[in-house]
Amino acid sequence: TFDSIVENTDILNKLFGKRFTNSGLVQAAFDEYKKGDKSKVAELVDRFIEESTNSQLSEYPNKPEDEVEKAAKSSARNKITTALKDMYLEFYEEGKGYKCKEIENFLRATGLYDYASETVKRWIDDYEEKEGWKNDK
């Protein structure tokens, strides 16, 4: 279930980093997500991106802000993908579609995956091709 994502500190640290995870913001957002308020995850991701952007801008003040923010969004999306893709594919391989759907819904809730269904389909296609599962049509 989704709880397996939320309760796995390693995954949360991969998603947001230890400092951000330990702040309590992550747990609070996920608690609200589990209650049905998916907007809290998007708010958390937005805050994470904002902090990353501000950190980069303070380090490199001459960089254009929109460029830094775009890079921060890309980084956040990559972290989420890295943290959840293998878990998703493991659930897929085990035939646990309900768990896959929870991860897909989480991806959508972050606000970073405009086409979450297409994203996970691409993960599956790449995995099946790599594993030789794909049938020639």
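## Core, helices and pocket at a glance

Within the largest nonpolar core, which has 26 residues, Ile80, Leu84, Tyr88, Ile103, Leu107 and Leu112 touch the most other members. Two or more residues come to this core from each of helix H5 (39-59), H6, H7 and H8. H6 provides the largest share, with nine residues. Do keep in mind that this is a predicted model. Here is a friendly tour of the core, the helices and the pocket.

**A residue of the core**

- Tyr88 is one of the core residues that touch the most other members.
- Neighbours within four places in sequence aside, Tyr88 is in contact with Cys100, Ile103, Val120, Trp123 and Ile124.
- Among these partners, Cys100 and Ile103 are buried residues of H7, while Val120, Trp123 and Ile124 are buried residues of H8.

**Helix H8**

- Helix H8 covers residues 116-131, and its 16 residues should span 22 Å at 1.5 Å a residue; the end C-alpha atoms are 22 Å apart, so the expected span and the model agree.
- Which residues of H8 are buried? They are Ala116, Thr119, Val120, Trp123, Ile124, Tyr127 and Glu128.
- Viewed down the axis of H8, these buried residues fall within an arc of 165 degrees, so they line one face of the helix.
- The general pattern behind this is that an α-helix has 3.6 residues a turn, so residues three or four places apart point the same way.
- The cover over the buried residues of H8 includes helix H6 (65-93) and helix H7 (97-110).
- Gly132, just after H8, takes a positive phi of about 75 degrees.

**Helix H7**

- The 14 residues of H7 should span 20 Å at 1.5 Å a residue, and the end C-alpha atoms are 20 Å apart, which agrees.
- The buried residues of H7 are Lys99, Cys100, Ile103, Glu104, Phe106, Leu107, Ala109 and Thr110.
- Two of these, Ile103 and Leu107, are also among the core residues that touch the most other members.
- Gly111 follows H7 and has a positive phi, near 85 degrees.

**The largest pocket**

- If you are thinking about cavities and pockets, the largest pocket has a volume of about 170 Å³.
- Its lining is made of 13 residues, and those that lie nearest its centre are Ser52, Gln56, Ala71, Ala72 and Ser75.
- Which elements give two or more residues to the lining of the largest pocket? They are H5 and H6.
- H6 gives the most to this lining, with seven residues.

Technical notes
Residues numbered from 1 in each chain as written. Predicted model: local features only at pLDDT ≥ 70, side-chain atom pairs only at ≥ 80, totals over all residues. Heavy atoms only, no water. Helix = DSSP H or I, 4+ residues; strand = E, 2+ residues; numbered from the N terminus. Expected span 1.5 Å × (residues − 1). Buried < 20%, exposed > 50% of the residue type's maximum accessible area, 1.4 Å probe, protein only. Arc of directions from axis to C-beta. Contact = heavy atoms within 4.5 Å. Core = buried A, V, L, I, M, F, W, Y, C linked by side-chain atoms within 4.5 Å. 1 Å grid on protein atoms, 1.4 Å probe; cavity = no way out; pocket = protein on both sides within 12 Å on 5 of 7 lines; lining within 4 Å. Points joined across faces, edges and corners; volume = space filled by probe spheres on them.
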